[in-house]
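Q: Could you take a close look at one part of this model for me, the largest pocket, and tell me what surrounds it? I would also like to hear about the nonpolar cores, starting with what the term means.

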Amino acid sequence: MNSKTKKITTIAMLSAITYIVMAVGRIPVILFLKYDPSDIVVTLGGLIWGPMTSCIVSVIVAVTEMLTVSDTGILGCIMNIVQTVSFACTAAAIYKKRRSLSGAVAALAAGCLTMVAVMLLWNYLITPLYMGYPREAVAQLLLPAFLPFNLLKGGLNAAATFLLYKPVVTALRKSGYVAPSPEASGKKRHTGYLLLAGMVVVTCVLIILSMNGTI
């Protein structure tokens, strides 16, 4: 398989997996805000194959969602692209420069913070246009609703991506789909980071379930 065909196949595979995860994994959290773990798939793709892969997959999935299951139209599509790109592409771009454990932690943290900041601004500017909410009402929801939702989503996505990256990339390398790299050899698994990421995942899931009244 030549490199161009492999790239197209990779993007198609990631787009299909991301769409399925988005379609079946939605969890209502608060108001009209729903969490789905599809950004984890996009970010894993970016960490492995680069930020451009994340960007392309984000656009493909957002447009497909708009045409199939979404009722928020083109503005909702743009919001989805901005949110995913701000998290996944930021993390992938930083990790591309610093391919190490500390680089991965810094990349995912930066992606989370970037997404939170960007989405607060975009929620203020765009949400009134496609949800029909007065801008004043949206402004009043920024801190009590949008901020905690985006922090939860970003934290959960970052922690889950951190936990899944090593098993996923190891499996891909064993299958020959991803070439071995010096960064992969001789690295010890840092139990402290793994435990912290696991605690973040569990905590965020419990908070989301409590906010939507499941527990």
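A: Happy to! A nonpolar core here is a set of buried Ala, Val, Leu, Ile, Met, Phe, Trp, Tyr and Cys residues joined through side-chain atoms within 4.5 Å. Please keep in mind that this is a predicted model.

With that term in hand, the largest nonpolar core has 38 residues, and Tyr 35 and Tyr 165 touch the most other members. Two or more residues of this core come from each of strand S2 (33–35), helix H2 (38–49), helix H4 (73–97), helix H5 (101–131), helix H6 (135–174) and helix H7 (191–211). H6 is the main contributor, giving 13 residues, the most of any. Another core lies apart from this one; it has seven residues, including Ile 11, Val 57, Val 61 and Ala 88. As general background, nonpolar side chains in soluble globular proteins tend to be buried together.

Now to the pocket. The largest pocket holds about 670 Å³ of space. It is lined by 32 residues, and the closest to its centre are Arg 26, Lys 34, Glu 65, Asn 80 and Tyr 130. At least two lining residues are supplied by each of H1, S2, H2, H3, H4, H5 and H6. H4 has the largest share of that lining, with five residues.

Two of the residues closest to the pocket centre, Arg 26 and Glu 65, deserve a closer look. Their side chains meet in a salt bridge, with 2.4 Å from N to O. The count of salt bridges in the model comes to one. This pair links distant parts of the chain, as the partners are 39 residues apart: Arg 26 sits in the loop between helix H1 (3–24) and strand S1 (27–30), while Glu 65 belongs to helix H3. How covered are the two partners? Glu 65 has a relative accessible area of 9%, so this residue counts as buried, the cut-off being under 20%. Arg 26 is at 31% and is therefore partly exposed.

Helix H3 also brings us to the surface. Ile 56 has its place in this helix, which covers residues 51–68. Together with Met 52 and Ile 60, Ile 56 forms a nonpolar patch on the surface, and the three have about 250 Å² of accessible area together. Ile 56 is classed as partly exposed because its relative accessible area is 31%, and a patch takes residues with over 30%.

Definitions and conventions:
Residues numbered from 1 in each chain as written. Predicted model: local features only at pLDDT ≥ 70, side-chain atom pairs only at ≥ 80, totals over all residues. Heavy atoms only, no water. Buried < 20%, exposed > 50% of the residue type's maximum accessible area, 1.4 Å probe, protein only. Helix = DSSP H or I, 4+ residues; strand = E, 2+ residues; numbered from the N terminus. Patch = residues over 30% accessible without salt bridge, like charges linked within 9 Å, V, L, I, M, F, W, Y side chains within 5 Å. Areas by Shrake-Rupley, 256 points an atom, 1.4 Å probe, with all protein chains shown as cover. Salt bridge = Lys/Arg side-chain N within 4 Å of Asp/Glu carboxyl O. 1 Å grid on protein atoms, 1.4 Å probe; cavity = no way out; pocket = protein on both sides within 12 Å on 5 of 7 lines; lining within 4 Å. Points joined across faces, edges and corners; volume = space filled by probe spheres on them.
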